[in-house]
Each structure stands twice: as C-alpha cells, then as structure tokens.
Amino acid sequence: MTSKQNLMALISGLLFGLGLAISQMIDRERVIGFLDVTGNWDATLIFVLGGAVGITIITFRFILPLKNPFFDTKFYLPTSKDIDIRLILGAVIFGIGWGISGYCPGPAVTSLVQFNLSPIVFILAFIGGSFAYKSID
Amino acid sequence: MVIESSWINGLIGGILIGVSATILLAFNGRIAGISGMINGVLEFSSGGSWRILFLGGMLMGGFIYEYLLPLPNTPSGDFNLFLLILGGFLVGFGTRMGNGCTSGHGVCGLGRLSVRSLTAVVSFLASGMITVFIMKHIY
C-alpha cells in the first residue's frame, strides 16, 4: 500500500462523506421518508442515487477497460456473477434493517460526527450482525 | 400525496459520491463499498490501510459539512435503542450475506452494469419500503 494510494483513499472518502452530508442522507428521517412511499414521500434519495450512478455509469465505462488503475497493478472487482438466494435474501434482510433504523453503513459512519449515540449503537450492532453471519457461513 | 425533496442538495451530494467512487476505482482499483470496508478493517485484511483512510475521510467530509461550512446542521437525535440494535444487526448480517450495501451494489454495482447488483438494489429497496410501510402504517 503506497502513500499515493492512501492519499487517494482519503480524498475519495472525504468526498463521499461530504456528499452524504450535503445530500442529507445522514438524516435518518430523510431516508425513512424516502422509503415511506405511501406516506409523505421524500424523493431526495432518488436524486442522490441518480446523481451518483449517473457519474459512475459514465466514468466506469472508461476506467474498467484499462489494463490497471493508475496507482495499482490490478483492479479488485467482485468476481461472483451468481444471482442466488444468498444474494437476494441478504439484500432483503439488509433492506429490513435499513427500514427499521433509517441507517445504511455509509451514512451511519459519516453521522458519527454528530456525536450522538444512535450511529454508535447502530455500528456496534452492525458489527455483531456481520460477524454472526460470518460465523454461520 | 405530497412529494417533498431537496433535489438540488441530493443531486450535488450524489455527484460528489459518484466522483468519489470514480477516484477510488481509477487510482486504486477498488470498489467504494462501505459495508465491505468496515468488515475489512475489523478483520485486519492485508493491505487494508486504504480502508481506514477512506472511512476516516468520510468522517472528515461529515465534519467539514457540519462544523466548517455555512450550511444548516443536520438534525439529529437519539432514537429507540432496541430498533437501532435490531436494525444494525440485520444490516450487518444482510450486507455480509448479500456482499454489499447501498454503496457497493448501488453506486458502484449499477455503475458497472452488474445484473447481480441490480437484483440486490431492487431487493433491498423493496424490502425497505415494505418494512417502513408496516412500521408506519400498520403498527
């Protein structure tokens, strides 16, 4: 791991956290408001995901055909192509937890800067759930 | 039905997230998947310092927004502890089982045109919406 790579990781993490904060995705109420389609629906998350995917869908077209990334010798991409019960059930369980708490992992990390208990409790429970799955897998 | 949205903020924030994922892939060849990064840090995966720096950068980005920019602070408050623990556990369990969350499958997987990620995104959006419907309108 070179210092150049570490610097790029820091810069991209900073932009990611700033993006989550500007888009108000670290506000649990907005996220739950988006999932509440039959209530007072808050469409903000559509614009966040749309803006983000609108960028990656274009830039990844140019990046992925490269032989290697600028600062490494290879790309580290998921290899699995299987659409199986594990993928779907895992995503469904994640969605239930997301709906219950209003947090997904990214916003939970960034909202730690608000210094209240909620994201800390969420992340500790996240770690518990992640290791619980790992231990039975 | 009232549609409420601060779409400009959403779009600007979303574009920053897309640029972030672009930088990480173009320079380091890595996917910006937050659940995987947290797991990688906790397991001391080899060559993993970039994960700590990315997560640290996320805190810096949040800090800059909340305390340095002249923008309204994000509302926060403490929330039902039981629901946080249950929700967090299910998010940790489900993202490990399904290999990703909103960032890895959503922002990056859709950007790679991965059918696997599209399947995951549709599944967690649907289950999240059904969960909120049950919690807000049935119970």
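Start by selecting B:Trp7 in this predicted model, and ask whether the residue is buried or partly exposed. There are 17 C-beta neighbours inside 10 Å of B:Trp7, and because burial requires 20 or more, the residue counts as partly exposed. Keep B:Trp7 selected and add A:Ala43, A:Thr44 and A:Phe47, which B:Trp7 touches when residues up to four places away in sequence are left out of the count.

Next, extend the selection from B:Trp7 to the helix in which the residue lies, helix 1 of chain B. This helix covers residues 7-28, and its 22 residues reach 31 Å from the first C-alpha to the last, which is close to the 32 Å expected at 1.5 Å a residue. How many of the 22 residues of helix 1 of chain B are buried? The count is 18, so helix 1 of chain B is largely enclosed by the rest of the structure. Step just past the end of this helix and select B:Gly29, where the backbone takes a positive phi of about 70 degrees.

Now move along chain B and select residues 34-42, which form helix 2, together with residues 49-68, which form helix 3. In general, a pair of packed helices is described by the angle between the axes and by the distance between them. Here the axes of helix 2 and helix 3 of chain B come within 9 Å and cross at roughly 125 degrees; helix 2 of chain B and helix 3 of chain B are therefore oblique to each other. Turning the view to look through the pair, you can follow helix 2 of chain B as it passes helix 3 of chain B in a left-handed crossing.

To see which residues make this contact, display the side chains of B:Met37, B:Gly40 and B:Val41 in helix 2 of chain B, and then those of B:Arg51, B:Ile52, B:Phe54 and B:Leu55 in helix 3 of chain B, which they meet. Sorted by class, the contact between helix 2 and helix 3 of chain B has five nonpolar residues, one polar residue and one charged residue.

Finish by hiding chain B and selecting the whole of chain A, whose secondary structure comes to six helices and zero strands, so that the order of elements from the N terminus on reads α-α-α-α-α-α. The C-alpha trace of chain A spans about 45 × 40 × 30 Å along its principal axes, and 55% of the 137 residues of chain A count as buried. Among the contacts in chain A with a separation of 6 or more, 42% are between residues 24 or more positions apart.

Conventions. Residues numbered from 1 in each chain as written. Chains lettered and ligands numbered in written order. Predicted model: local features only at pLDDT ≥ 70, side-chain atom pairs only at ≥ 80, totals over all residues. Axes fitted to C-alpha atoms, helices over the stretch in contact; angles between N-to-C directions. Helix = DSSP H or I, 4+ residues; strand = E, 2+ residues; numbered from the N terminus. Parallel < 35°, antiparallel > 145°, perpendicular 65-115°, else oblique. Left-handed = near helix turned anticlockwise from the far one by under 90°. Contact = placed C-beta atoms within 7 Å. Nonpolar A, V, L, I, M, F, W, Y, C, P; charged D, E, K, R; others polar. Expected span 1.5 Å × (residues − 1). Buried ≥ 20, exposed ≤ 12 C-beta atoms within 10 Å, placed from the backbone.
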